[in-house]
Amino acid sequence: MNKYVQMKIDRLKNGEIIISKEPGNSMEPILKSREPVILVPIEDLSTLQKGDIVFAKIHGTCYTHKVYGISEKEGVLIGNNHGHMNGWTKAVYAKAHLIP
């Protein structure tokens, strides 16, 4: 994981709300590549719902992807907007909000 991503995680863990611009087209048309989003830290996975967009880490990589499933045991199932599932994780750092 690069230093920029780790710095973002640290800031979110400290309760900071940040603006992030993630590269890639995996969330189109909801999010375009490098479209800014507001990342609001979360402390409790139970506040999430299917369809929310989150900033999370799975298998050592961070993604801004959609929540497809929620399980008390496994955490949240995240995937892109084209049906590819990344997997289950409890390492969810923030909920992403579109900037109007």
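Start by selecting His59, which is found in the loop between E3 and E4. Helices (H or I, at least four residues) and strands (E, at least two) are DSSP runs, numbered from the N terminus. His59 is not a glycine, yet its phi is positive, at about 55°. At 72% relative accessibility, His59 counts as exposed; the scale here is buried under 20% relative accessible area, exposed over 50%, and partly exposed in between, with a 1.4 Å probe and protein chains only.

A word on what you are looking at: this is a predicted model, in which local features need pLDDT of at least 70 and side-chain atom pairs count only at pLDDT 80 or more, while totals for chains, interfaces and linings use all residues. Residues are numbered from 1 along each chain as its sequence is written, and side-chain values use heavy atoms, with hydrogens and water left out.

Colour the chain by pLDDT, the predictor's confidence in each residue, from 0 to 100. The mean for the protein chain is 95, and 100% of its residues reach 70 or more. Confidence is lowest in H1, at a mean of 95, and highest in strand E2 (residues 36-41), at 98.

**Stop 1: the strands on either side of His59**

Select strand E3 (residues 53-58). Five of its six residues are buried, leaving the strand mostly covered. E3 pairs with E4 in the antiparallel sense over six bridges; two strands pair if DSSP finds at least two bridges between them. To see one of these bridges, show Lys57 and its partner in E4, Cys62. The hairpin of E3 and E4 has two residues between the strands, and His59, your starting point, belongs to that hairpin.

Now add E7 to the selection. E3 and E7 run antiparallel and are joined by three bridges. Here the residue to pick is Val54, whose bridge partner in E7 is Lys95.

**Stop 2: onward to E5 and E6**

Follow the chain from E4 to E5. These two strands form a hairpin with three residues between them, and five bridges join them in an antiparallel arrangement. Ile70 stands opposite Val76 in E5.

How many residues of strand E5 (residues 75-79) are buried? Five of the five are, so the strand is largely enclosed by the rest of the structure.

On the other side of the next turn is strand E6 (residues 85-89), which pairs with E5 in the antiparallel sense over four bridges. Ile78 stands opposite Gly87 in E6. The hairpin of E5 and E6 has five residues between the strands, and Gly83 in the turn has a positive phi of about 95°.

**Stop 3: the loop between E1 and E2**

Select Pro29, placed in the loop between E1 and E2. A cis peptide bond joins Glu28 and Pro29, with omega about 5°. Arg34 lies in this loop between E1 and E2 as well. Although Arg34 is not a glycine, it has a positive phi of about 65°.

**Stop 4: Leu98**

Leu98 is found in strand E7. With a relative accessible area of 45%, Leu98 is partly exposed. Leaving aside neighbours within four places in sequence, Leu98 is in contact (heavy atoms within 4.5 Å) with Ile30, Leu31, Glu35 and Val37. Try a distance label too: the C-alpha atoms of Leu98 and Ile19, 79 residues apart along the chain, are separated by 10.0 Å.

**Stop 5: the pockets**

Switch on a surface. On a 1 Å grid over the protein atoms alone, a pocket is an open set of points where a 1.4 Å probe fits, with protein on both sides within 12 Å along at least five of seven lines, and lining residues have an atom within 4 Å of a point. A volume is the space filled by probe spheres set on the points, which are joined across faces, edges and corners.

The largest pocket has a volume of about 360 Å³. Of the 25 residues that line it, Glu22, Pro23, Cys62, Tyr63 and Thr64 are the closest to its centre. Which element gives the largest share of this lining? It is E4, with five residues.

The second largest pocket has a volume of about 170 Å³. Among the residues lining it, select Leu12, Pro41, Asp44, Lys90 and Tyr93. H1 and strand E7 (92-98) each supply at least two residues of the lining of this second pocket.
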